[in-house]
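Here is a set of short questions and answers about one protein. Have the sequence and the model open as you read.

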Amino acid sequence: MKPKVLIVENSWTMRETLRLLLSGEFDCTTAADGESGLQLALAHPPDVLISDVNMDGMDGYALCGRFRAEPTLKHIPVVFVSGYAPRTDGPPDQPVPDAYLVKPVKPPVLIAQIHALLRKERAAAPAPPATQSVWKS
């Protein structure tokens with residue numbers, strides 16, 4: 001089963017480009033803005049969120065903050081893919097993504113970053129409770 005990736009990007013061209021590039025290895029869902037992306041994530045939590053930063057309404061940082069505040073979404077890795085460098089003038093409590101890639105991003109770099117975050121997430125996940133077997137002779 002492919003990992004689920006939610007792509008939130010206001011540019012239709014970039015959104016579809018990312019979906020096509022990633023769909024070989026990931027099950028991709030797309031949203032055109034932060035609010036619809038959040039609603040999709042709440043209904044069907046992804047394994048990874050890929051978000052643009054500069055979007056009308058809820059921008060990438062606000063979306064990341066909402067993910068971090070939601071108990072069902074706070075563990076999901078967030079990747080920003082943006083045409084701009086990371087903000088350094090934001091408030092000290094500004095949400096920070098797990099990865100920040102500046103466009104244009106080479107597809108192998110993006111794919112490798114997603115896989116690395118998924119491996120990190122799996123390693124950090126609590127182990128399922130151990131089952132004990134009682135053997136009788």
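Q: Which residues line the largest pocket?
A: This is a predicted model, so the pocket is computed from predicted atoms. The pocket has a volume of about 190 Å³. Its lining is Met1, Lys2, Pro3, Pro45, Pro46, Asp47, His75, Ile76, Leu118, Glu121 and Arg122.

Q: How do the residues of that lining divide into nonpolar, polar and charged?
A: Among the lining residues are Met1, Asp47 and His75. Met counts as nonpolar, Asp as charged, and His falls with the polar ones. Sorted this way, the lining comes to 6 nonpolar, 1 polar and 4 charged.

Q: In what order do the elements of the protein run from the N terminus on?
A: The secondary structure comes to 4 helices and 5 strands. Read from the N terminus on, the order is β-α-β-α-β-α-β-β-α.

Q: What percentage of contacts between residues at least 6 apart in sequence join residues at least 24 apart?
A: The protein has 137 residues, and buried residues make up 36% of them. The C-alpha trace spans about 70 × 35 × 25 Å along its principal axes. Among the contacts in question, the share that joins residues at least 24 apart is 57%.

Q: Which element gives the largest share of the largest nonpolar core?
A: Nonpolar side chains tend to be buried together in soluble globular proteins. The largest core here has 18 residues, and Val8, Leu49, Leu63, Phe67 and Phe80 touch the most other members. Two or more residues come from each of β1, α2, α3 and β4. The largest share, 4 residues, comes from α3.

Q: How many residues are in the other core that lies apart from it?
A: Val5, Val79, Val81 and Leu117 are among the members of this other core. Its count of residues is 17.

Q: Which residues is Phe67 in contact with, leaving aside its neighbours within four places in sequence?
A: Phe67 is one of the core residues that touch the most other members. Its partners are Leu6, Leu38, Ala41, Pro46, Leu49, Leu73, Lys74 and Ile76.

Q: Why are the buried residues of α2 on the same side of the helix?
A: The buried residues of α2 are Gly34, Gly37, Leu38 and Ala41. An α-helix has 3.6 residues a turn, so residues three or four places apart point the same way. What covers the buried residues of α2 includes β1, β2 and α3. The buried residues lie on the same side of α2 because they cover an arc of only 100°.

Q: Which exposed residues does α1 carry on the face turned away from its buried side?
A: Arg15, Glu16, Leu18 and Leu22 are the buried residues of α1. They cover an arc of only 160° around the axis, so they sit on the same side of α1. Their cover includes β1, β2, β3 and α4. The face turned away carries Thr13 and Leu20.

Q: Is Asp52 buried or exposed?
A: Asp52 is found in the loop between β3 and α3. Beyond four places in sequence, Asp52 touches Val8, Glu9, Asn10, Gly60, Val81, Ser82 and Lys103. Its relative accessibility is 7%, and the cut-off is under 20%, so Asp52 counts as buried.

Q: Is Gln94 buried or exposed?
A: Gln94 lies in the loop between β4 and β5. Not counting residues up to four places away in sequence, Gln94 touches Tyr61 and Arg87. With 17% relative accessibility against a cut-off of under 20%, Gln94 is buried.

Q: How far apart in space are Glu70 and Asp27, C-alpha to C-alpha?
A: Glu70 is in the loop between α3 and β4. Its relative accessible area is 25%, so Glu70 is partly exposed. Glu70 and Asp27 are 43 residues apart in sequence, and in space they are apart by 22 Å.

Q: What separates the C-alpha atoms of Gln113 and Val79?
A: Gln113 is in helix α4. At 25% relative accessibility, Gln113 is partly exposed. Gln113 touches Ala99 and Leu101, not counting residues up to four places away in sequence. Gln113 and Val79 are 34 residues apart along the chain, and their C-alpha atoms are separated by 8.6 Å.

Q: Which residues does a cis peptide bond join?
A: Most peptide bonds are trans. In this model a cis bond has omega of about 0°. Its proline is found in the loop between β5 and α4. The bond joins Lys103 and Pro104.

Key. Residues are numbered from 1 along each chain as its sequence is written. This is a predicted model: local features need pLDDT of at least 70, side-chain atom pairs count only at pLDDT 80 or more; totals for chains, interfaces and linings use all residues. Side-chain values use heavy atoms; hydrogens and water are left out. On a 1 Å grid over the protein atoms alone, a cavity is a set of points where a 1.4 Å probe fits but cannot get out, and a pocket is an open set with protein on both sides within 12 Å along at least five of seven lines; lining residues have an atom within 4 Å of a point. Grid points are joined across faces, edges and corners, and a volume is the space filled by probe spheres set on the points. Buried means under 20% relative accessible area, exposed over 50%, partly exposed in between (1.4 Å probe, protein chains only). Contact means heavy atoms within 4.5 Å. A nonpolar core is a set of buried Ala, Val, Leu, Ile, Met, Phe, Trp, Tyr and Cys residues joined through side-chain atoms within 4.5 Å. The arc is that of the directions from the helix axis to the C-beta atoms.
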